[in-house]
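Q: Could you walk me through this one? I'd like to start with how the elements are counted, then go on to the backbone.

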Amino acid sequence: MSQQTSPIFGNLDWSVTPYTDLLRDVNSSTIVGAGAASVLVLGALFGIVLLTWMRWWGPLYRNWLTSADAKKIGIMYIALALVMLARGIIEGFVMRAHQATALGTLAQQESGLVAPDHFAQLFSTHGTIMIFFVAMPLLIGLINFVLPQQLGARDMAFPVLNQVSLGLTAVGAALVMISLLIGKFGTGGWTMYPPYTGLDFSPGEGVDYWLWAILISGMGSTLTGMNFAVTIFKSRAPGMHFMRMPLFCWTSLCVAIMLIYAMPALTVSSAMLALDRYADFHFFTNDAGGNMMNYANIFWMFGHPEVYILILPAFGVFSEISSTYSGKRLYGYTSLVIASMSIAVISFTVWLHHFFTMGQSAGVNIAFGIATMIIGIPTGVKIYDWMATMWRGRIRVTAPIVYLTGFFLLFVIGGLSGIILANPSIDYQVHNSTFLVAHFHNVIIPGVLYGMLAGIHYWFPKAFGFRLSERWGRRTAFLFVGGFVFTFMPLYVLGLMGMPRRSPTFQNPDFMPWMYIAAFGGVLMLCALASLAWTFWTSYRNRDALAVPGGDPWNGSTLEWSTPAPVPEWTFPRIPHVTARDDWGECKRAGDPWRAPDEYRDIEMPANTAHGLLIAGASFGLGFAMVWHIWWLAVLSFLAIPAIVALRAMRVIEPRIVKAAEVELADRRFRQQVASFAPATRADEETERNRGVPDLSEFAG
Amino acid sequence: MTKPNTGELDPQDSAGSEIKSYTIGFTASLFLTVGAFAAAMSDLPLRWKIACICAAAILQIVVHMRNFLHLSFSGGQSREDLLLVLFSATLLVIMAGGTWYIMSDLSGRMHDTDAAMHEVQPR
């Protein structure tokens, strides 16, 4: 950087916003950049005005931001993920629109909607956001919401740590978001490989935004993993043996283990790159003994388990919904458990397949290629198990089932293209082409996105007390399936035709028809996003008709369906004694499942605290200050974090006590309400007659 | 030294031994860290330096596990603790061993012509 670093403002000055670029030169690229910044600013302003106008600041602070309730934390994670998803999909659309106009000629090579540097920022932020700030918060949020309820626990093992993790993830997302307005994001792709991202080739704040977003949110994810693991090991209800846990809990356990062991690798590789950039180290530089290939090695040691961190919760969701919506018991429970655990362990042995072409000898490549093909086996077992679950079931084609069907068809294609890529000699032909882009979108979108949206649709009534509109839910699902097919199938073809990935321009007119099809797919994806938003809005407006206070709208068989919807903060009036796998289904089979507990007792709940907010504030200060070299603020924020932790540790913190009388009143009202509703049959499931009390005679799960 | 971490501990009863355990752990960690730095800055031959640092690192891990993480091979939790240590060790071996395998192969093909020839030649 040429300018002097100011002692107060660091490298910040008025020239860092995209508006400066717009003033300097008006073209489509700077208009897109300034437009995105304006959307961010207007969105933030709109949020502030709305909160002030509706007087929601107080309730937001008291009921949500300071809450240590895992269910609320889960919902906040998902809200964060949906906001980021909107940005990620829009960026994807801008990239498709750019490439559809990017046919250059030999004379004039640069063309298209945005400038090459801007395009590089787009694919870097798109990848970073979609992996770290959409997929991760979606699955962590869903696990937070569902896991304690399925285990028969009141809360996570460490409720306040949970709050801190959410805060750290939100800080990472905020750093990526703010890079739209202040400064630029990195251009090295979501993996940020050195030496390109070293100080020599990428001076400026871009890579630093990525580094601090990843370092801070990665810390949050590691802590979350520990929290999940301890919750599963220590907080299960009495009688909930491991082999009685619902499959979603099993996949959560796998995720927890992988988070604990994989995230540190990312923290290490990012910290080493940060040392290179800030402290003149030479871990990954070209000269002075650096070895940039070790970055790829360490990064993918995290990166490969990461993709299974993303996919396993979706597998858990699919296990739940395939059983519930088919009215059948899950087929092959034990094989699914073994398959999940195998995936969790084998996923640590395949990381080299992300850099087959880096130059190691054939023997090394073969070893990892074989390991990669082996990991396809447990995944295949799972697909067969779900299909066998649905076989001869009374399937209701609800929105989650549409997602599941889309997943079956598309994920298998993505998996097969993965097996193709696992062969190093084929990988040499198609690496770094859009074939690869098509492959990983083909596993991540039908896997993670469909799975998480299906899960949101499935558990939404438990969180808010009303179902989502099935009609709009199905439309959204169809749009996501269609959008995926049109956007990414052409990329397979383009990859085989030789189109490199991340390429801002190309000179081959043969690409154009496929580019137009992919751009059309991008439009469908935008429609799917709008349709998703509309699903929430229209369901909210019809919430009285869609209300399911009985709490069991889908005739489920796991513990979380035994409580009212929306679920009270204490979840269970008494911690249940589990006697079987699918305990709630067993109660249904035994006769009257809605029996009140014999007695009510006081319930201890974690008290609200601003601890997570304070830590998040300090970490944001640290991240932002480090990005802009504002040293005084960085030192202050860094010292503030242990100070906040120490202050809390020195105080005596009393839990909040919910009186037995209050629990009894609420619980008795719920049981009376359940008794007053007419049971809804399978055919009534989508109608107003479904008040959350299913017809038990139809239960076959 | 460390108590088996089973069930409820009486805070009055265990506070003293807890503090003692943490103090011992902290002091040991401090010595091992300083020792590693001392070894790095000393005049020892390189091979010895590396050996010293590795030994200090492994001892440090053991100290952390015993005194800070309360892992123990006695008591009702010992089986879980043992599984945890073995699983962690397996993954660390996979990661460290894999890195060794990959990076030495790459390095051989980049710098050391003899090793590169040896690898490329068909057997």
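A: Before any loop is placed, a convention is needed: helices are DSSP runs of H or I with at least four residues, and they are numbered from the N terminus. The model is a predicted one, and A:Asn432 falls in the loop of chain A between helix H13 (424–430) and helix H14 (434–464).

Q: What is the phi of A:Asn432?

A: The phi of A:Asn432 is positive, about 60 degrees, although the residue is not a glycine.

Q: And is A:Asn432 buried or partly exposed?

A: A:Asn432 is partly exposed, because 14 other C-beta atoms lie within 10 Å, whereas 20 or more would be needed for a residue to count as buried.

Q: Where does A:Asp582 sit, and how many C-beta atoms surround it within 10 Å?

A: A:Asp582 is in the loop between H17 and H18 of chain A; it also has a positive phi without being a glycine, at about 50 degrees, and it is buried, with 21 other C-beta atoms within 10 Å.

Q: Switching to peptide bonds, which residue does a cis bond join to A:Pro566?

A: That partner is A:Ala565, with omega at about -5 degrees, and A:Pro566 itself belongs to the loop between helix H17 (543–546) and helix H18 (583–590) of chain A.

Q: What about the chain contact, how many residues does each side give?

A: Chain A contributes 13 residues and chain B eleven residues, and on the chain A side helix H9 (residues 293–326) gives the most, with four residues.

Key: Residues numbered from 1 in each chain as written. Chains lettered and ligands numbered in written order. Predicted model: local features only at pLDDT ≥ 70, side-chain atom pairs only at ≥ 80, totals over all residues. Contact = placed C-beta atoms within 7 Å. Helix = DSSP H or I, 4+ residues; strand = E, 2+ residues; numbered from the N terminus. Buried ≥ 20, exposed ≤ 12 C-beta atoms within 10 Å, placed from the backbone.
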